[in-house]
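Subject: Handing over the structure

Hi there,

Thanks for agreeing to take this one on. Here is the structure, and below it you will find my notes.

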Amino acid sequence: MKTAKWFFCASLLTVASHLGAQTATIEAKVDALLEKMTVEEKLGQLTQFTAAPTDLKEQIAQGRVGSVFNFGGSVNTNELQRIAVEKSRLGIPLLFGHDVIHGYRTIFPNPLAIAATWDPGSAERSARIAAIEARAAGIRWTFAPMIDIARDPRWGRIAEGAGEDPFLGSAFARAYVRGFQGSDLSAGDSLMACAKHYVAYGASEAGRDYNTTDLSERTLREIYLPPFKAAVEANVGSMMTGFNALNGIPATANPWLVEGILRKEWGFDGFIVSDYQAVEQLIPHGVAATKEEAARKALSSGIDMNMVDGAYALLADDVRAGRFPVAVVDRAVRRVLRAKFQLGLFDVPYVEADGEDRLFLLPEHRAAAREVAEKSVVLLRNEGGLLPLSKEIATIALIGPFIEDGGEMLGSWHAAGRPEDVTTTIARAIRDEVSPETTVLLAQGTGLLEGPDSEIERAVATARLADVVVAFLGEGGKMSGEARSRVSLAMQGRQEELLKAVVATGKPVVLVVKSGRPLAIEWAAENVPAIVYGWFLGTEAGPALANVLFGDVNPSGKLPVTIPRSVGQIPIYYNHLRTGRPATENQYTSKYIDSPNEPLWPFGYGLSYTQFAYSDLAVSSPTIEPDGSITVSALLANRGDVQGEEVVQLYLADPVASVSRPVRELKGFKRVALAAGESRRVEFTITPDMLRFWNEGSWVVEPGQFLVWVGPDSQKGLEGTFELRGPAR
Ligand code: BGC
């Protein structure tokens, strides 16, 4: 045993000293290159373009470009790389970036849908496969994960993140970084990740993209920063700053955020890229008068690479004349070159020509995309157990604009994903699923945006012929994502009208909501017996949905975000602060006169085809010592007659503190699979650091009484209490 221990320690030491030596070698190589570089070449390494500039190749040959993005494909990347490596004076390879957000060629569900799995392993797996495929196309760096917390579904980019909660968001941030980067950045199947958009971009006022944000430091620290901290702890290689200003200071020129928090407090040593033209946008932001001034501000605030607008190149004269410190330029160049060495780009700058054919859309990639899609589906309503449907049903009608449209399954930012890869559309998948005797009728009923009355009438007539109707309705794939803010969260065009007409036939209707974001579907929530949130599930959307609808897969997704009743309730999120007048019957309490406060469905909510019951909450001790821990557990039973998976959630609350604390905060979750009739005790550990909050410039933990819930969502659960010991407040 002793020998084994000794061997283990010796191996660790060898690995550590090997890593140390590697780092030293990289630093020496960076130094040597920096010595040789002209000012233009240095600023070139900090300059990133898309394929747009007509003289791109010339600029690459002159060493004026460090990175090119959204220009994947082995032929394209190899061609440009050859110019950088063979024609430029110093032969520094280009770094190819791409928005590989939820898959490269095999498309996974949109990230908000993946967050609905509450399974970080699914995110990691999707990122791993995306990395393998993107690498085959010559890409070495992805602008993902997008880890902006978003509490406002009007903001279209809510579809790209993990939802409203910092604890869940941090778990997904770590998982994506691990999945993209693997354990070695230079491995043949790794992509460098880029956590974005630092920070609070998701809080854009009025849900309008690119708008300003204004937050207390407490909200920033407790809600918006944690996923970024988690990404840093997972060794993310790079970060992208947001388009937004935070409390009046644009994130592209915010030394407090970048140099202060990110670098000094957290020790982040990767490089930082601006967002698209965000450096020159410091002019319309009103903090720079000229493009040169914008460049000076951004670079000295710690933004190492300049995306698209070429502003940094304008600093050459200032640097040569000593008007802008060369040390600031060198610092940024060093970070970029270091990343290029870490990625092994100097050793292997090119990509093999046949990788795309060998690695795209492999059966195992499709299988993973399908499994993740199945786990992403959230069952929201199932009156009378309408779902799952029988495969022996005589006649089924499929309604809505999505049923035969493969491209619409991909959602926004689908990289190299192609509509024709979605070979099994919803209609085909359901035909494959049901018995040969079943008649499957199709009627679009309306286009996404419009359609004539006659189409609605035809859909109604089709519904009348069926035993059950499944309506796939919502908003198009391009309706969420960047620059897709909405003031309405209704289904697009005439789809709700179509739904009402179909429900009026009296036939049992299942609604599958297709959307990247929460839609406020109050009428449907009250009038449609079965509702499934079906997101944009990617290349394998059809089979995944069919498997859930017909019970091959028991749905287990939970909402990573609150679904409001109406736009008027926004912002609405479960972990809100308290009010002095919580809503009661009394009129003069915090409520609306024309709507309930409650959302349609709360954060964490999701049903199953089986019934899970929670009982017997046990708190291991009524008190936690300041350096101690306790466990909280509950008995989970599968009371139904099918196997199922439940995401058991742990929430805490601090009812009396020196500042008003949220009504609840998620602090743990576990996915538990139980056979029919099976029970299991599910346990969580609580430590004092889970009770901390930000107050007057630091994290504090205050002793006192706390509440704990273990349950199925953010509104229900078994409640217990415990006390944290310590000096009195
Ligand atoms: C988006 C980023 C994206 C970049 C490059 C910007 O408009 O905000 O998220 O990575 O474009 O495509």
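What follows is a short tour, going from the ligand to the strands, the aromatic rings and one glycine.

One thing to keep in mind from the start is that this is a predicted model.

The ligand

A good place to begin is the ligand, which has 14 residues around it. The closest are Asp99, Arg157, His197, Asp275 and Glu482. Sorted by class, this shell holds seven nonpolar, two polar and five charged residues.

Several side chains come up to oxygen atoms of the ligand. Asp99 places a polar side-chain atom 2.5 Å from a ligand oxygen, and His197 does so at 2.7 Å. For Asn70, the distance between an N or O atom of the side chain and an oxygen atom of the ligand is 3.5 Å. How much of the ligand does the protein bury? On its own the ligand would expose 310 Å², and the protein buries 96% of that.

Strands to look at

Strand β5 covers residues 194-198. Five of its five residues are buried, and the strand is mostly covered. Its neighbour is strand β6, residues 238-241: the two run parallel and are joined by four bridges. If you want a spot to zoom in on, Ala195 stands opposite Met239 in β6.

Further along the chain, have a look at strand β25, residues 704-711. Six of its eight residues are buried, so the strand is largely enclosed by the rest of the structure. Which strands does β25 pair with? One is β20 (residues 644-653), in the antiparallel sense over five bridges; there, Leu652 has Val708 of β25 as its bridge partner. Another is β26 (residues 718-724), also antiparallel, over seven bridges, with Val710 opposite Leu718 in β26. β25 and β26 form a hairpin with six residues between them. Gly717, in the turn of that hairpin, has a positive phi of about 130°.

Aromatic pairs

The model contains 20 aromatic pairs. Trp118 and Phe603 make up one of them, a tilted pair with 5.3 Å from centre to centre and 50° between the planes. Trp118 sits in the loop between α5 (111-115) and α6 (120-136), while Phe603 sits in the loop between α21 (541-549) and β17 (612-619), so their pairing ties together parts that are 485 residues apart in sequence. Are these two residues buried or exposed? Both Trp118 and Phe603 are buried.

Another pair is formed by Tyr533 and Trp535. Their geometry is edge-to-face, with 4.7 Å centre to centre and 65° between the planes. Tyr533 has 0% relative accessibility and counts as buried, and Trp535, at 1%, counts as buried too.

It is also worth displaying the rings as a group: ring pairs link Trp118, Phe167, Tyr574, Phe603, Tyr651 and Phe669 into a cluster.

A buried glycine

Last on the tour is Gly161, found in the loop between β4 (141-142) and α7 (166-181). Its relative accessibility is 4%, so Gly161 counts as buried, the limit being under 20%. Ala150 is eleven residues away from Gly161 along the chain, and 7.6 Å separates their C-alpha atoms.

Enjoy exploring, and write back with any questions.

Best wishes

How values were computed: Residues numbered from 1 in each chain as written. Predicted model: local features only at pLDDT ≥ 70, side-chain atom pairs only at ≥ 80, totals over all residues. Heavy atoms only, no water. Near = heavy atom within 4 Å. Polar contact = N/O pair within 3.5 Å; in protein donor to acceptor, adjacent residues only side chain to side chain. Areas by Shrake-Rupley, 256 points an atom, 1.4 Å probe, with all protein chains shown as cover. Nonpolar A, V, L, I, M, F, W, Y, C, P; charged D, E, K, R; others polar. Buried < 20%, exposed > 50% of the residue type's maximum accessible area, 1.4 Å probe, protein only. Pairing = 2+ DSSP bridges. Phe/Tyr/Trp six-rings, centres within 6.5 Å; stacked < 30°, edge-to-face > 60°.
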